[in-house]
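The following paragraphs lead through the structure shown below, from its overall make-up to its core and then to a single loop residue.

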Amino acid sequence: MRQALRAARAGAWLALILAAQLNAAPAMAGPFKRLQVLLPGESAAPGTPSGKTGTPQAQTAGVPFTVTVDACDSTWALVPSVTHTIQILASDASASLPAPAQLSGGTANFLVILNAGGSFTIFAHDQSDGTISDGTSSSVQSIVLQSLEISNIA
């Protein structure tokens with residue numbers, strides 16, 4: 001009788017542990033459908049209409065900043081198996097852009113320098129698969145410094 005009670009308890013605990021692990025397991029991403037471009041100030045938000053949250057931070061012209069590109073499914077979930085080569089483009093014709101690079105784990109970071117003032121967009125182009133539409137960033141403001149003042153430090 002005691003062994004049966006212990007076995008029942010062990011079975012109940014095992015069922016609870018398995019249920020907890022299944023509930024905690026991350027959802028599996030679907031097939032690779034699109035590229036996501038995240039600017040400083042933005043974070044990925046899978047399952048939302050835009051796939052991101054936050055507001056892009058204004059950037060200073062001539063100063064590099066990091067752009068993150070993620071391979072995503074139709075719900076903006078990261079697809080970590082994608083290793084395609086990505087080219088970065090910008091609506092700022094004078095921007096300094098990085099060489100194309102491969103995604104690792106479905107993601108990559110790129111250094112971009114906007115060299116003009118204004119409102120610009122960054123694009124991610126999949127060079128490995130022409131059927132994937134270019135990823136487009138939110139609009140980012142590039143501010144040109146007007147002056148720089150240096151003072152003595154006592």
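Of the 154 residues in the protein, 31% are buried in this predicted model. The exposed surface comes to about 9,500 Å², and 58% of that area is supplied by carbon and sulfur atoms.

The secondary structure consists of one helix and 12 strands. Read from the N terminus, the helix precedes the strands. Among contacts with a separation of 6 or more, 64% join residues that lie 24 or more positions apart.

In soluble globular proteins, nonpolar side chains tend to be buried together. Here the largest nonpolar core has 24 residues; Val67, Val69, Ile86, Ile88, Leu114 and Ile122 are those that touch the most other members. At least two core residues come from each of strands S1 (34–38), S5 (65–72), S6 (85–90), S8 (107–112) and S10 (122–126). Strand S5 gives the most, with four residues. Apart from neighbours within four places in sequence, Val67 is in contact with Val37, Leu38, Leu39, Ala108, Asn109, Phe110, Val112 and Ile122.

Ile122 also takes part in a polar contact: the side chain of Ser137 reaches the backbone nitrogen of Ile122 at 2.8 Å. Ser137 lies in the loop between strand S11 (135–136) and strand S12 (140–143). Is this loop residue buried or exposed? Its relative accessible area is 8%, and Ser137 therefore counts as buried, the limit being under 20%. Leaving aside neighbours within four places in sequence, Ser137 is in contact with Val37, Leu39, Lys52, Thr121 and Ile122.

Definitions and conventions. Residues are numbered from 1 along each chain as its sequence is written. This is a predicted model: local features need pLDDT of at least 70, side-chain atom pairs count only at pLDDT 80 or more; totals for chains, interfaces and linings use all residues. Side-chain values use heavy atoms; hydrogens and water are left out. A nonpolar core is a set of buried Ala, Val, Leu, Ile, Met, Phe, Trp, Tyr and Cys residues joined through side-chain atoms within 4.5 Å. Buried means under 20% relative accessible area, exposed over 50%, partly exposed in between (1.4 Å probe, protein chains only). Contact means heavy atoms within 4.5 Å. A polar contact is a pair of N or O atoms within 3.5 Å; within protein, one must be able to donate a hydrogen and the other to accept it, and residues adjacent in sequence count only if both atoms are side-chain atoms. Accessible areas come from the Shrake-Rupley method with a 1.4 Å probe; for residues, only the protein chains shown count as cover.
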